[in-house]
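Here is a short tour to read alongside the viewer. Take a moment to get your bearings, and then we can walk through it together.

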Amino acid sequence: MESSDMKLQPELRRSDIWFDDGNLVIQAGDQLFRVYKGMLTSISPVFKDLFLVAVPSSEDPEMIDGCPVIRVPDPSDEFHSLMKVLFQWGSFPDEADSPSIITVAGILKMSQKYMAHDIRSKAYSYLEHQFPSQYNHFLERYEADTYTPFTTNCLIRVANVARETNTLVILPAVLFLLCALPMDDILKQAFESSSEGVTLLPANFIAILKGRPRLSHFARKNIYSSSFFNKEIAGCHAISRCRSLNSLWAEAAEQMDGWINPFECHILSPIQNARCSICSMKAVDEMWDGRKKMWHIMPSIFDLPGWDEMRRLSQTLDDF
Ligand SMILES: [Zn+2]
């Protein structure tokens, strides 16, 4: 009955997930979702329990358009992501449909919270594909000509969700990409909320602050040591030319804040071609070998458990 309906507070708004024949209104943040109770209980035991205790049974329950209203404490954008999968897309979208990474991160968080197993598993696979734990997969994405950098906001959202959901296995790739941003950007995002209201979680900020110099140190020592330490390579055909080129390269590669990107291949190329064939070959071998080793120890660089342990943790979550 219209007269007994809860007054729609001005700050509340109907989301685009609103079915005129829905039988339940859920409020998350400032958004309202009119949906089907039976459908939610069929995919999530948490919704089932929630409705048992939360659906009003008093004589004068809060109602909107004749539907009982329940409130959930989730951020509206994240809850919206889950409702979108269930009620708009009908299933988790294929990569061809390119759901935004931020949306998928929201789906991962909400599907884990509401124990919607299938959806969570697909959201996790999608993010793991974008932020691989396998070295070869990471290289395929990062070194591909088609690689488009993620926005800072996107990386922060994914890093935060990975931490909040304990889906740690995607964190090394995300944290690495955050480390590769200019330090000014990192500091800005750590302390100032962006237009989307997102800041780095302290655990992720600390991981970046500690990991960035560790990555640079590893890169200097194990990936580009022939240039940084200007080693004389056995069999070099042009010792003085190769050495001066090494110095030039090291000077160009190191940024003011000491950051050395272990995956920036292009800074090596011009000088690589100018050095003698023996030095070039040694430098390239060292670079690929060092990168592989670095990937292996990447979790420890960010104070995370080992790769296998993180994969096991993700699997455990899949089994909830
Ligand atoms: Zn040489």
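## A hairpin to begin with

How many bridges join strand β2 to β3, and do the strands run parallel or antiparallel? Strand β2 (residues 24-28) is joined to β3 by 5 bridges, and the two run antiparallel. Please keep in mind that this is a predicted model. Within this pairing, valine 25 sits opposite arginine 34 of β3.

The hairpin of β2 and β3 has 2 residues between the strands, and glycine 29 in that hairpin adopts a positive phi near 60°.

## The sheet around it

The hairpin belongs to an open sheet of 5 strands, ordered β1-β3-β2-β5-β4, and the pairing is mixed. At the edges are β1 (13-18) and β4 (63-64); each has a single partner strand, so one side of each has no neighbour in the sheet.

On its other pairing, β3 (residues 31-35) meets β1 in the parallel sense, over 3 bridges. Here tryptophan 18 has arginine 34 of β3 as its bridge partner. Arginine 34 therefore appears in both pairings, since it also stands opposite valine 25.

Is β3 mostly covered or mostly open? It is mostly covered, with 5 of its 5 residues buried. One side carries Gln31, Phe33 and Val35, the other Leu32 and Arg34, and all of these are buried, so both faces of the strand are covered.

## Two helices that cross

Now turn to helix α3 (residues 76-89), which packs against α4 at an angle of about 90°, the axes being 8 Å apart. An angle between 65 and 115 degrees counts as roughly perpendicular, and α3 and α4 are therefore roughly perpendicular to each other.

Which residues make the contact? From α3 come Asp77, Glu78, Phe79, Ser81, Leu82 and Val85, and from α4 come Thr103, Gly106, Ile107, Lys109, Met110 and Ser111. Sorted by class, this contact of α3 with α4 holds 5 nonpolar, 4 polar and 3 charged residues.

## Two loop residues with positive phi

Most residues other than glycine have a negative phi. With that in mind, have a look at methionine 115, which is not a glycine and yet has a positive phi of about 55°. Methionine 115 is found in the loop between α4 (101-113) and α5 (117-130). It has 16 C-beta neighbours inside 10 Å, so it counts as partly exposed.

Aspartate 303 is another non-glycine residue with a positive phi of about 55°. Its place is the loop between α14 (277-301) and α15 (307-318). Is aspartate 303 buried or exposed? With 12 C-beta neighbours inside 10 Å, aspartate 303 counts as exposed.

## The whole chain

Stepping back, the secondary structure of the protein amounts to 15 helices and 5 strands. Of the 320 residues in the protein, 34% are buried.

A last figure concerns contacts between residues at least 6 apart in sequence: 64% of them join residues at least 24 apart.

How values were computed. Residues numbered from 1 in each chain as written. Predicted model: local features only at pLDDT ≥ 70, side-chain atom pairs only at ≥ 80, totals over all residues. Pairing = 2+ DSSP bridges. Helix = DSSP H or I, 4+ residues; strand = E, 2+ residues; numbered from the N terminus. Buried ≥ 20, exposed ≤ 12 C-beta atoms within 10 Å, placed from the backbone. Axes fitted to C-alpha atoms, helices over the stretch in contact; angles between N-to-C directions. Parallel < 35°, antiparallel > 145°, perpendicular 65-115°, else oblique. Contact = placed C-beta atoms within 7 Å. Nonpolar A, V, L, I, M, F, W, Y, C, P; charged D, E, K, R; others polar.
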